[in-house]
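Welcome, and please open the structure in your viewer. We will go from the whole chain to one helix, selecting as we go.

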Amino acid sequence: MGKTKEAYRMKEAEAITDEWNNRTINALIMGTMEAPVMYDDPDQTQLKSESREGMILKHKWVSGMDYLPHVPILRHFSDWLISIYLGNYFKFMDLVEKMSKKELRQQLRMRETFVHVCAIFHVIIGARSLYHGSPILKDTIATHGRFESKHIEVLTKLLELGADVNVHDVAGYTPLHHCLTSQGNDT
């Protein structure tokens, strides 16, 4: 494929992603759409990265879709997601202690947002995103107040509780992939 055609396809994928993000985020804000909740891995049918669908999914994934807990007008996140993302160990443990074993197993598998990530992802994304000097730290504190940032403790407890580390997000990435992205810190 020529560079001109590839550049055109990338621009088209970016435009489609921007339009999808605007429509989806507005619908979530207005309450005319609910963020999806699911309990199993999303469709893992392989897409070629150079295909139109592959390029669109890549741009959607890179944009974060609706996984933007630091944005104050987005309020579709559960207390479970937020406490894990923020590393609020004591709030997280309070939620855990109120659940039966069956409810806890289901909660560990619950995937919120269009990115289709469960608890093990939330703690990794939070640890990776909320470091001193992070561009979203100020907005996160303004939206959720000060937080504990005990991501290692939350991660350890999630593993003790049986969180599956071999799960995939909507783009097929695992928690380990999320650990190894270029964004983040030493945690």
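How far apart are the mean positions of the 22 positive and 24 negative charges of the protein chain? Select the charged residues: the two mean positions are 1 Å apart. Lys and Arg count as positive and Asp and Glu as negative, while His and the chain ends are not counted; each charge is placed at NZ of Lys, CZ of Arg, CG of Asp or CD of Glu.

A word on what you are viewing: this is a predicted model, where local features need pLDDT of at least 70 and side-chain atom pairs count only at pLDDT 80 or more, while totals for chains, interfaces and linings use all residues. Residues are numbered from 1 along each chain as its sequence is written, and side-chain values use heavy atoms, leaving out hydrogens and water.

Next, switch to a cartoon view of the protein chain. You will find nine helices and two strands (DSSP runs, H or I of at least four residues for helices and E of at least two for strands, numbered from the N terminus). Along the sequence they follow the pattern α-β-α-α-α-α-β-α-α-α-α.

Now show the whole chain. Of its 187 residues, 42% count as buried, meaning under 20% relative accessible area with a 1.4 Å probe, protein chains only.

Finally, select residues 119-129, helix H6. There, 11 of the 11 residues are buried, so H6 is largely enclosed by the rest of the structure. Among them are Phe121, His122 and Arg128. To see what covers these buried residues, add helices H3 (79-86), H5 (101-109), H8 (151-161) and H9 (175-179), which are included in that cover.

Technical notes
Buried means under 20% relative accessible area, exposed over 50%, partly exposed in between (1.4 Å probe, protein chains only). Contact means heavy atoms within 4.5 Å.
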